Amino acid sequence: MLSSHEIFMQRAVSLAKKGTRLAYPNPCVGAVIVCDGKIIGEGYTSAYGGSHAEVNAINSVADESLLSKATLYVTLEPCAHYGKTPPCANLIEAKNIPKIYIGCVDTFAAVAGKGIEILLKAGREVHVGILEEECIDLHKRFFTYHNKKRPYVLIKWAETQDGFIDKEREINSLEEAKPTWISNELSKQRVHQIRAIEHAILVGTNTALKDNPTLTTRSYGGVSPVRILIDKNLRVPKTYHLYNGEVRTIIFTEQEASNEAVQFAKIDFSKNILPQIMEVLYQEKIQSVLVEGGKQLLDSFIEQDLWDEAFVFVGNDKFEKGVKAPVLEVKPNETYALGTNTVKHYTKEI
Ligand SMILES: NC(=O)C1=CN([C@@H]2O[C@H](COP(=O)(O)OP(=O)(O)OC[C@H]3O[C@@H](n4cnc5c(N)ncnc54)[C@H](OP(=O)(O)O)[C@@H]3O)[C@@H](O)[C@H]2O)C=CC1
Ligand SMILES: Nc1c(N[C@@H]2O[C@H](COP(=O)(O)O)[C@@H](O)[C@H]2O)[nH]c(=O)[nH]c1=O
Ligand SMILES: [Zn+2]
């Protein structure tokens, strides 16, 4: 059974999940203020440049005098640095909040224990590590980005019962360029929900040529991720969806090119391209990337052990031949049904 501290922290985690996508490149933090066992204030990080969770929670309290006997629950260590806003640790001190429960320490160098230090120096009671696993999971993109200097990488594909991601097929016209659907409508919505959380989405050249993907969140809503395409020789026609200007799109190529609908990033294809792509995404402050295929691209991420989380959607069909699905040599952490489909979810410790 959860303790009351864990229940309030769980509420802070749920609040944080509401704002993940808009807070980028900030972590979306959740905060709850409790007095006499009742929640008197709540908040989560505003869209980038806006106020932090602690500020929003404090501002939401109707009777400020209660703060001096209240407890603050916050998913991430309060900040101690002047970024776009002043430090939250100083605000908590100024508002005389006596008890602070923190989900996890912020490993970002500008904070890293300094927020806790300010609160302890001010004589506050500080507890760290409440629902720590959930809080680290919540902030995994932000931690990976700062600690590994690359975005958090998720790989995802849909495969048939007999392990194929497509049939054998040739594309002879624009009309023929569309995905072979393996997963069902519920899975599609789940994929769009995942897309709505992640910062960017990446596909390989053959996937773009055969599927003419849109890569948006249209079945779920929310912000669509930045679209990323690998296209060494610019083989994907400008009539394809990726050039429609609907969503910010970056194309990795070795060609000199310009186009008002997309952004080109030149890399050296004679070398391993994945570290180069990671470096550009890092410079672009992109904190997570969902790799949606195809086979060759997914295999290169798997071979280089460059993934943090994976989703495999298993449909009901058997193709008997076609494009073979990638293989993960580890067991899924969870498996669940989405209607008649099965989802295998793999996570790694960050
Ligand atoms: N069921 C599903 O979930 C999915 C199915 N698919 C299917 O998969 C198929 C496409 O897969 P596949 O043919 O493997 O192609 P990919 O989409 O992986 O694209 C491969 C091409 O992209 C470039 N590329 C990819 N990775 C690298 C790398 N690491 N280094 C350098 N260049 C790279 C190369 O282009 P170049 O040769 O120009 O250098 C390469 O030929 C399609 O049939 C598609 O429908 C795709 C996505 C998901
Ligand atoms: N075929 C297949 C998938 N294919 C992936 O989805 C992309 C198409 O995206 P969109 O154009 O936005 O619908 C496609 O290029 C490929 O990366 N995904 C799945 O969840 N299930 C499926 O059965
Ligand atoms: Zn802050």
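**Sheets, helices and the shell around ligand 2**

Biologist: How many bridges join β10 to strand β11 (residues 263–266)?

Modeller: The two strands run parallel; helices (H or I, at least four residues) and strands (E, at least two) are DSSP runs numbered from the N terminus. Two strands pair if DSSP finds at least two bridges between them. In this pairing, Phe252 of β10 stands opposite Ala265 in β11. The number of bridges between β10 and β11 is 4.

Biologist: What kind of model is this?

Modeller: Residues are numbered from 1 along each chain as its sequence is written, while chains are lettered from A and ligands numbered from 1 in the order in which they are written. Local features need pLDDT of at least 70, side-chain atom pairs count only at pLDDT 80 or more, and totals for chains, interfaces and linings use all residues, as this model is predicted.

Biologist: Which residue of strand β9 (residues 226–230) stands opposite Phe252 in β10?

Modeller: Strands β9 and β10 run parallel and are joined by 4 bridges. The residue of β9 opposite Phe252 is Ile230.

Biologist: How many residues of β10 (residues 249–253) are buried?

Modeller: A residue is buried if 20 or more other C-beta atoms lie within 10 Å of its own, exposed if 12 or fewer, and partly exposed in between, with C-beta atoms placed from the backbone. In a regular strand the side chains alternate between the two faces of the sheet. Thr249, Ile251 and Thr253 point one way from β10, Ile250 and Phe252 point the other way, and all are buried. The buried count for β10 is therefore 5 of 5.

Biologist: In the open sheet of 9 strands, what does the twist average from one strand to the next?

Modeller: The order is β11-β10-β9-β8-β12-β6-β13-β16-β15, with mixed pairing. At the edges stand β11 and β15 (334–338), each with a single partner strand, so one side of each has no neighbour in the sheet. With axes as lines fitted to C-alpha atoms, for helices over the stretch in contact, and angles from 0 to 180 degrees between N-to-C directions, the twist averages 20°.

Biologist: At about what angle does the direction of helix α10 (residues 295–303) stand to that of β6?

Modeller: Strand β6 (residues 152–159) pairs in the parallel sense with β13 (residues 309–314) over 6 bridges, and Lys156 stands opposite Phe311 in β13. Helix α10 packs on the sheet, touching β6, β9 and β12; residues are in contact if their C-beta atoms, placed from the backbone, lie within 7 Å. The direction of α10 makes with that of β6 an angle of about 135°.

Biologist: What does the twist average in the open sheet of 5 strands?

Modeller: This sheet also has mixed pairing, with the order β2-β1-β3-β4-β5. Strands β2 (38–44) and β5 (125–128) stand at the edges with a single partner strand each, so one side of each is left without a neighbour in the sheet. From one strand to the next, the twist averages 15°.

Biologist: How many residues surround ligand 2?

Modeller: A residue is near a molecule or strand if its C-beta atom, placed from the backbone, lies within 6 Å of it. The closest are Ala158, Ile182, Asp211, Pro213 and Glu292, and helices α7 (185–197) and α8 (205–211) each supply at least two residues of the shell. By class, the shell has 9 nonpolar (Ala, Val, Leu, Ile, Met, Phe, Trp, Tyr, Cys and Pro), 2 charged (Asp, Glu, Lys and Arg) and 7 polar residues (the others, Gly among them). The number of residues surrounding ligand 2 is 18.

Biologist: Is Asp211 buried or exposed?

Modeller: Asp211 lies in helix α8. Leaving aside neighbours within four places in sequence, Asp211 is in contact with Ala177, Lys178 and Pro179. Because 21 C-beta neighbours lie inside 10 Å, Asp211 counts as buried.

Biologist: Is Trp181 buried or exposed?

Modeller: Trp181 lies in the loop between β7 (164–166) and α7. Because there are 12 C-beta neighbours inside 10 Å, Trp181 counts as exposed.

Biologist: Which residue is joined to Gly293 by a cis peptide bond?

Modeller: Omega of this bond is near 5°. The second residue of the bond has its place in the loop between β12 and α10. That residue is Gly294.

Terms used. Contact = placed C-beta atoms within 7 Å.
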